Amino acid sequence: MSASPRSSTSSDSFGSGRQSPINGFDSTAALILVPDAEETPASTSFDFSSDDEAEEQSDLQLERLRSGSIPPLSSLSVFLYLLAPYLKLGALLLPGAGLQGRAGVLAVVLFAALSAFTRQIWYMLARYVRRSDLEEIVLETFARGRGKERRRMVLRQLVRLSVGTLRVLTAALYLRFSVDCLLPFLPDVLVISSRLITTLVLAAFIAPLYSARSLGSRGALYASWLSIAAYAAWFSCTAYMHAKGMLVPVAENATLGELWQGIPAVAFAFSTFWTVPLYASLKGTVQPMTPKPRRSQSFKLLSALSVAMAVAVILPLAFFDASSLPTQPPPTSLKKTQTVFGAASLLLSIPSILITTPALPIPIAIRRVTNFPLSKVLIYTIIICLSILPESITRVGSDITLLLAFLSTYVVPGKSPPPPST
């Protein structure tokens, strides 16, 4: 009777000159485990709960990122929004800040290094706690774990309030200063205040840009690029006026408080927004199966490049000495051109600031009734009202803005968060 197929297969497997494992141990013999379907219970489960929770959390953050005001952006757009906040009011004030020469150079280098350092700290915190926005990082740092729901709620509201207050005050200050720049060149023959008319005209000009849903919209991107181009044009006019000995301040400082003299102006020049959201935005563009992102997608590299470029176009201003009584008064056309470009650099930066401002807590009943962007309209109305307040109130508001910008840029959480659960 012929051997069974199973016995024949076994003899063929070990018939190549090797000793059978039955007769003796052979270290080179291959062991193949073929599980029997009948011996494996259908109810066998594997504990992948931690991996599933991590993947679910990652998907949730990606969904929030895509639906938020700072969606996944290209490397160039992230670089744009890392650079743009530097080339604003602080830079415009530097020639008249009284820090020319060595003191100005040291101040620029110091605060540029501090800004880059705190950006790196926030970047590392975002990676460490695996969260994509400032609010979540603060909660993971100071209210992690169970039984702290009340503290988390309070911290969440405080973060939203501080972020919203800073951005509303900054936008109102930029609008007010832009009007201050343009008022000397406008006729004051109307019955209504020229300041009010100019404020309303400028607000109407940038309103369509503010209607964008996110920083990824074309309007927000074009406005930010034009803002940097306006700063470059203002810088060229300022350098020419300095070379000719006719440099004057970009505008009177009646809007600004006492804290804006000297070094604080440089500190404000290197204040920045959106560090953590921009890191999350850049990370959101990396393909999940990519083993290593391209160098152009490195947040650390983009941050360092933005700081270096900002220093390159701000540091020369430390050698420019603006005076209200220059040796040679500038031509009216040149002064007007410089002022218009300076005002445009501030005005065109307002939409990106407001787009990322947290929404007002509108009751759910009202939001269900209408799709009208009530929160955006109210925020814009508040900004216009703040920008036309009397000078005494505006000065106090500018000092508050400076303090909030300083704290948001140069202060980081001092308590180390526990490592995230795996």
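Helices here are DSSP runs of H or I with at least four residues, numbered from the N terminus. By that assignment, W274 falls in the loop between α10 (263–269) and α11. The model is a predicted one. W274 has a phi near 65 degrees, which is a positive value in a residue other than glycine. The residue is also buried, because its relative accessible area is 5% and the threshold for burial is under 20%.

The protein as a whole contains 17 helices and zero strands. It has 422 residues, of which 43% count as buried. Its exposed surface comes to about 23600 Å², and carbon and sulfur atoms supply 63% of that area. Taking contacts between residues at least 6 apart in sequence, 85% join residues at least 24 apart.

The loop that holds W274 leads into α11, and α11 has a partner in helix α3. Helix α3 covers residues 75–83 and helix α11 covers residues 275–283; their axes come within 10 Å and cross at roughly 175 degrees. That angle makes α3 roughly antiparallel to α11, since angles over 145 degrees are counted this way. On the α3 side the contact involves S75, V78, Y81 and L82, and on the α11 side L278, S281 and L282.

Helix α3 has further neighbours. Eight of its nine residues are buried, so the helix is largely enclosed by the rest of the structure. The buried residues are S75, S77, V78, F79, L80, Y81, L82 and L83. They pack against α11 and also against α5 (102–129), α9 (218–243), α12 (299–314) and α14 (350–355).

Helix α7 is the next element to follow. It spans residues 149–182 and includes V154. Together with M153 and L158, V154 forms a nonpolar patch on the surface, and the three residues have about 270 Å² of accessible area together. V154 itself is partly exposed, because its relative accessible area is 39%, which lies between the limits of 20% and 50%.

Charged residues of α7 take part in salt bridges. The count for the model comes to five. One of them joins E136 to R156, with the closest N and O atoms 3.3 Å apart. This pair links distant parts of the chain, as E136 belongs to helix α6 (residues 134–142) and R156 to helix α7, 20 residues apart. The two ends differ in exposure: E136 counts as buried at 10% relative accessibility, whereas R156 counts as partly exposed at 22%. The pair also belongs to a network of salt bridges that links E135, E136, R156 and R160.

A second bridge of α7 brings together the side chains of D180 and R195, at 2.6 Å from N to O. This pair too links distant parts of the chain: D180 is in helix α7 and R195 in helix α8 (residues 194–210), 15 residues apart. Here both residues are buried.

R195 leads to another residue of α7. R176 is found in that helix, and with a relative accessible area of 2% it is buried. Leaving aside residues up to four places away in sequence, R176 touches R195, T255, S387, I388, L389, P390, E391 and T394. The C-alpha atoms of R176 and L386 are 8.4 Å apart in space, although the two residues are 210 apart in sequence.

Among the residues that R176 touches is E391, which brings the path to helix α17. E391 forms a salt bridge with R395, the closest N and O atoms being 3.8 Å apart. An α-helix has 3.6 residues a turn, so residues three or four places apart point the same way. E391 and R395 are four residues apart in helix α17 (residues 391–410), and therefore about one helical turn separates them. Both ends of this bridge are partly exposed: E391 has a relative accessible area of 36%, and R395 has one of 37%. In the D180–R195 bridge, by contrast, both residues are buried.

Key: Residues numbered from 1 in each chain as written. Predicted model: local features only at pLDDT ≥ 70, side-chain atom pairs only at ≥ 80, totals over all residues. Heavy atoms only, no water. Patch = residues over 30% accessible without salt bridge, like charges linked within 9 Å, V, L, I, M, F, W, Y side chains within 5 Å. Areas by Shrake-Rupley, 256 points an atom, 1.4 Å probe, with all protein chains shown as cover. Salt bridge = Lys/Arg side-chain N within 4 Å of Asp/Glu carboxyl O. Helix = DSSP H or I, 4+ residues; strand = E, 2+ residues; numbered from the N terminus. Buried < 20%, exposed > 50% of the residue type's maximum accessible area, 1.4 Å probe, protein only. Axes fitted to C-alpha atoms, helices over the stretch in contact; angles between N-to-C directions. Parallel < 35°, antiparallel > 145°, perpendicular 65-115°, else oblique. Contact = heavy atoms within 4.5 Å.
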